[in-house]
Amino acid sequence: MRKVLLETFVIIVVVIIFCGCNKNRNKLKYFDSSFYEILLDQNIIALGEVHGTKEVPCLADQIIKYLNDNGKCVVLALECTISDQVIFNTAISEKDLMKSETFLFNLDGRSSMAMSELILKTKRNNKNLIKCFNPPLYGIANQRDSLMAFKLKMDIENNPDYVFLIISGNYHTMTFPNSKLKDNGVIWAQNPMLFVLRNILPN
């Protein structure tokens, strides 16, 4: 039975209080050890972000390190185009990542230096995996969030011994239906990705 942590972390406080997060990866700067100990009991962890911050990739890096140090293998699941999976699997440098659709065409922060560093650091432990779950054709909002949820479900079921760390836009990590379907001209899904995933995963 998979225990599911379906929470969106509020990053604003982290941004204000903490800086220089890359200076010493070995120090768990953001939270005390009790926070990381809680994560050891989880199989799915979701981080909601505003694309382009360096703090979320840094926090994810620290979580992955803590889990690895405690014998856990991690799947870093990213809101990146599924067609980039082969490149992400084989990339050993930032130059390799720059060949991907995510890093060529996304201008919203998913192609940031902080994200590329996170991907490469995660891959240095060859027991960790990277998974992309963004559908190649976005389609309408409801369809996209559902497709992302079903792709994650498939990956989770195919890798039952891994902890999944999901990084996605903060809207997609909502665990309840969305009542504000249109915001500044952008149409959002009524059922966000994580809400759908929560309902389609057994237990």
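This dialogue goes through one strand and the salt bridges of a predicted model.

Student: Where should I start with strand β3?

Tutor: Start with a general point: in a regular strand, side chains alternate between the two faces of the sheet. Then turn to this case. Strand β3 covers residues 74–81, and eight of its eight residues are buried, so the strand is largely enclosed by the rest of the structure.

Student: Which strands pair with β3, and in which sense?

Tutor: Strand β5, residues 163–169, runs parallel to β3 and is joined to it by five bridges. Strand β4, residues 129–134, also pairs with β3 in the parallel sense, over five bridges.

Student: Which residue in β5 is the bridge partner of Leu76?

Tutor: Leu165 is the bridge partner of Leu76. Towards β4, Thr81 stands opposite Asn134.

Student: How many salt bridges are there?

Tutor: The general idea is that side chains of opposite charge can pair when their charged atoms come close. Here the count comes to six salt bridges.

Student: What does the salt bridge between Asp61 and Lys121 tie together?

Tutor: The closest N and O atoms of Asp61 and Lys121 are 3.5 Å apart. Asp61 lies in helix α3 (residues 55–69) and Lys121 in helix α7 (residues 113–123), so the pair ties together parts that are 60 residues apart in sequence.

Student: Is Asp61 buried or exposed?

Tutor: Asp61 is buried, at a relative accessible area of 4%. Its partner Lys121 is partly exposed, at 22%. The cut-off for buried is under 20%, so the value of 22% places Lys121 outside that class.

Student: How far apart in helix α3 are Asp69 and Lys65?

Tutor: Asp69 and Lys65 are four residues apart in α3, about one turn of the helix. They form a salt bridge whose closest N and O atoms are 2.7 Å apart. Asp69 is exposed, with a relative accessible area of 54%, whereas Lys65 is buried, with 16%.

Student: Which residue forms a salt bridge with Lys153?

Tutor: Glu157 does, with the closest N and O atoms 2.8 Å apart. Both residues lie in helix α8, residues 141–158, where four residues, or about one helical turn, separate them. Lys153 is buried, with a relative accessible area of 18%; Glu157 is partly exposed, with 42%.

Student: Which residues are linked in a network of salt bridges?

Tutor: Glu79, Arg110 and Arg144 are linked in such a network. Glu79 also brings us back to β3, the strand of residues 74–81.

Technical notes. Residues numbered from 1 in each chain as written. Predicted model: local features only at pLDDT ≥ 70, side-chain atom pairs only at ≥ 80, totals over all residues. Heavy atoms only, no water. Buried < 20%, exposed > 50% of the residue type's maximum accessible area, 1.4 Å probe, protein only. Helix = DSSP H or I, 4+ residues; strand = E, 2+ residues; numbered from the N terminus. Pairing = 2+ DSSP bridges. Salt bridge = Lys/Arg side-chain N within 4 Å of Asp/Glu carboxyl O.
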